[in-house]
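Dear colleague,

I am handing over the structure that I promised you, and I would be glad if you kept it open while you read. The notes that follow it go through what was found, with each term explained where it comes up.

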Number of protein chains: 2
Amino acid sequence: MLDRPTPYLLVDPDVLSANVQAMARFARDRGLLLRPHAKTHKTPEIARLQLAAGATGLTVATVSEAEAFAAAGVTDLFLAYPLWVDPARGARLRALTDRVAVQVGIDSVEGARALAAQVPGCSVMVEVDSGQHRSGVQPSEAGVLAECAVRTGLDVHGVFSFPGHSYAPGIAAEVAGQESAALRAAVGSLAEHGIEARVVSGGSTPSASEVDSDVLTEMRPGVYVFNDAQQWELGTAGPEGISLVCVATVVSHSGGKVVLDAGSKALGADRQVWATGYGRLPDHPDARITLQGEHHAVVAWDGSPRPEIGSRVRVVPNHVCIAVNLHDELVTTDGQVWTVTARGANT
Amino acid sequence: MLDRPTPYLLVDPDVLSANVQAMARFARDRGLLLRPHAKTHKTPEIARLQLAAGATGLTVATVSEAEAFAAAGVTDLFLAYPLWVDPARGARLRALTDRVAVQVGIDSVEGARALAAQVPGCSVMVEVDSGQHRSGVQPSEAGVLAECAVRTGLDVHGVFSFPGHSYAPGIAAEVAGQESAALRAAVGSLAEHGIEARVVSGGSTPSASEVDSDVLTEMRPGVYVFNDAQQWELGTAGPEGISLVCVATVVSHSGGKVVLDAGSKALGADRQVWATGYGRLPDHPDARITLQGEHHAVVAWDGSPRPEIGSRVRVVPNHVCIAVNLHDELVTTDGQVWTVTARGANT
């Protein structure tokens, strides 16, 4: 490991590239467009890898993420979020649409009208709730919203969903089925209103392998480029498929445990109820991070000899999107330093 | 609220100042030094408020936080963390100790020796585990470590503890008592080895009101400047004592709920088992954030009419230290913009 102050994020570019290629191939084999969610990496170098492998464009969550990737040369961006477009955000969106292809998510008449007032003729995608119950309309309501959008002059490309409830053990196929059914119903709802859904977009990393290419035309996984402890524990990826780790230093043996300098400000604090700890150690799969502080990870060690105080240990974050957003740079095992350009791009 | 893109962090400087003054008065009345933990705010303007109110210096967690506050003119810094000091970190620490007063935490012989090799004569504080079981030696072992530190030429100032297990309902007095007992025992352990603990430092925000001034000479609360939903739910502060909120926009009414654009990348994902949600709404105390995404907060609304899509809502983060570290700036209600200088300062 590099002689860089810990904690820092280290990327294996070979594993990263293999992950990018594998998902591109998977989509291509099924006749699906791939539009990866760039919120995971926020990094132009990785965006370029994805596009070079055949991605049709990128997905982002915010206007400022779109601005960062447009500045880096990405020309096709889907803001998969029900943006509220006030005049200030409208001015920024217009500046974007003047330069690159932009689609924006809508899930309400109010949101569609505000967008249309600011960005006349904007391309939109109707968000459908496929079971996560976060944002999105019910599938049967998609047509009404799409028709309203068309009347305000927006250009409806299709429908999309994010099946976030796929983040639970043993549920990927069931959730992919729910998403497929919801999107199929939404396509039908649009058709009843005389609107063709040219794009039917969905998918998460856990549900990607179960994607229904009879219904979807596009998939938007994000985490797959790096994978993380959640994907490992869900069985979506093995430790050999994880391309990003946090390098941490052993700072204490307090209480017979191993205490690392990678806490919630380096790894994030995400912990699903089924997670076995606050991240995992790929070189010590039986060890568990049982307690987390902002700068501490307390590890119940496995049976092997404890690493000495001062030695370095690799930690896989639970949720890599959150970990990356806490760092300004990603370092690669072959010595590159990539700026996390869209870190903190929340607006 | 200001016409700034959401989500952003908004500070009420009057409430902030009142919190700073109240804790300063509390410490002064008990004859205690106050050394606030600056990891909470990471902001020079707030550090200056604390020092102007009588703080003896600041506490930080990392060398890079110390560097940020030293650059901002703070002259007395305690790194309350069992640093591993390799040559690179040693060079940075020596540069700091040339300019400002620095104390460093130790909790192992290995750590003390590494520090002494890099920063001869460095001032140190022995960390004691008072019951959180994160880092720190057992109280009875403090003297052995202190003696070892003295032998390596380090200057032992005293002992410290962080009673992080105070973050649970109804437990503040019990935890403060445990900390007091642990620190008293550690002082005795040092005395058995002929070493006087001139500084006995402890305290967290939840346990601050229960501090034992017969044992402690110094307290190090951090969160009290802002307070947060955790302090609200623990009863440490009422909503009127919260000086920082995240301003969010209603982006959706999906499923009859209120969906805000403040997710885990704006608020953090910390959620203790006893927390009622992913943050609180001070203007709607009966509402609950039941689901969080990276850019979504799904709110089960109270009985009042739902705020319209596009309107703005104030959200109190669960754990303010994490929220602040996600933002580059704090905006104040009187129009100041403060840079979060030490954001991301993890090394």
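**What surrounds helix α7**

Among the elements that cover the buried residues of α7(A) are β6 (123-127), α6 (142-151), β7 (155-160) and β8 (199-202) of chain A. Here helices (H or I, at least four residues) and strands (E, at least two) are DSSP runs, numbered from the N terminus, and a residue is buried if 20 or more other C-beta atoms lie within 10 Å of its own, exposed if 12 or fewer, and partly exposed in between, with the C-beta atoms placed from the backbone. Please bear in mind that this is a predicted model, in which local features need pLDDT of at least 70 and side-chain atom pairs count only at pLDDT 80 or more, while totals for chains, interfaces and linings use all residues. Residues are numbered from 1 along each chain as its sequence is written, and chains are lettered from A and ligands numbered from 1 in the order in which they are written.

The buried residues of α7(A) include Ala172(A), Val175(A), Glu179(A), Leu183(A) and Leu190(A). The helix has 21 residues (172-192), which at 1.5 Å a residue should span 30 Å, and its end C-alpha atoms are indeed 30 Å apart; the expected span is 1.5 Å times one less than the number of residues. Just after α7(A), Gly194(A) takes a positive phi of about 75 degrees.

**Helix α2 and Gly164**

In helix α2 (residues 44-52) of chain A, the buried residues are Pro44(A), Ile46(A), Ala47(A), Leu49(A), Gln50(A) and Leu51(A), and they pack against α1, β3 (58-60) and α3 (63-71) of chain A. Just after α2(A), Gly54(A) has a positive phi of about 115 degrees.

Gly164(A) is found in the loop between β7 and α7 of chain A, and it is buried, with 20 other C-beta atoms within 10 Å. Leaving aside neighbours within four places in sequence, Gly164(A) is in contact with Gln132(A), Arg134(A), Ser204(A) and Gly293(B), where contact means that the C-beta atoms of two residues, placed from the backbone, lie within 7 Å.

**Domains and chains**

Chain A is divided into domain 1 (13-226) and domain 2 (230-339), with bounds that come from an automatic or database domain assignment. The C-alpha centres of these two domains of chain A lie 30 Å apart, and their contact takes 19 residues from domain 1 and 19 residues from domain 2.

Between the chains, the contact takes 56 residues from chain B and 56 residues from chain A.

**Strands and sheets**

In chain A, 4 bridges join strand β10 (residues 244-252) to β14(A), and the two run antiparallel; two strands pair if DSSP finds at least two bridges between them. Cys246(A) stands opposite Val315(A) in β14(A). Strand β14 (residues 312-315) of chain A has a covered face, Val313(A) and Val315(A), and an uncovered one, Arg312(A) and Arg314(A).

In chain B, an open sheet of 8 strands has the order β2-β9-β8-β7-β6-β5-β4-β3, with parallel pairing. Strands β2 (33-34) and β3 (58-60) of chain B stand at the edges, each with a single partner strand, so one side of each is left without a neighbour in the sheet. Within chain B, 4 bridges join β5 (residues 101-106) to β6 (residues 123-127), which run parallel, and the bridge partner of Val104(B) in β6(B) is Val124(B).

With best wishes
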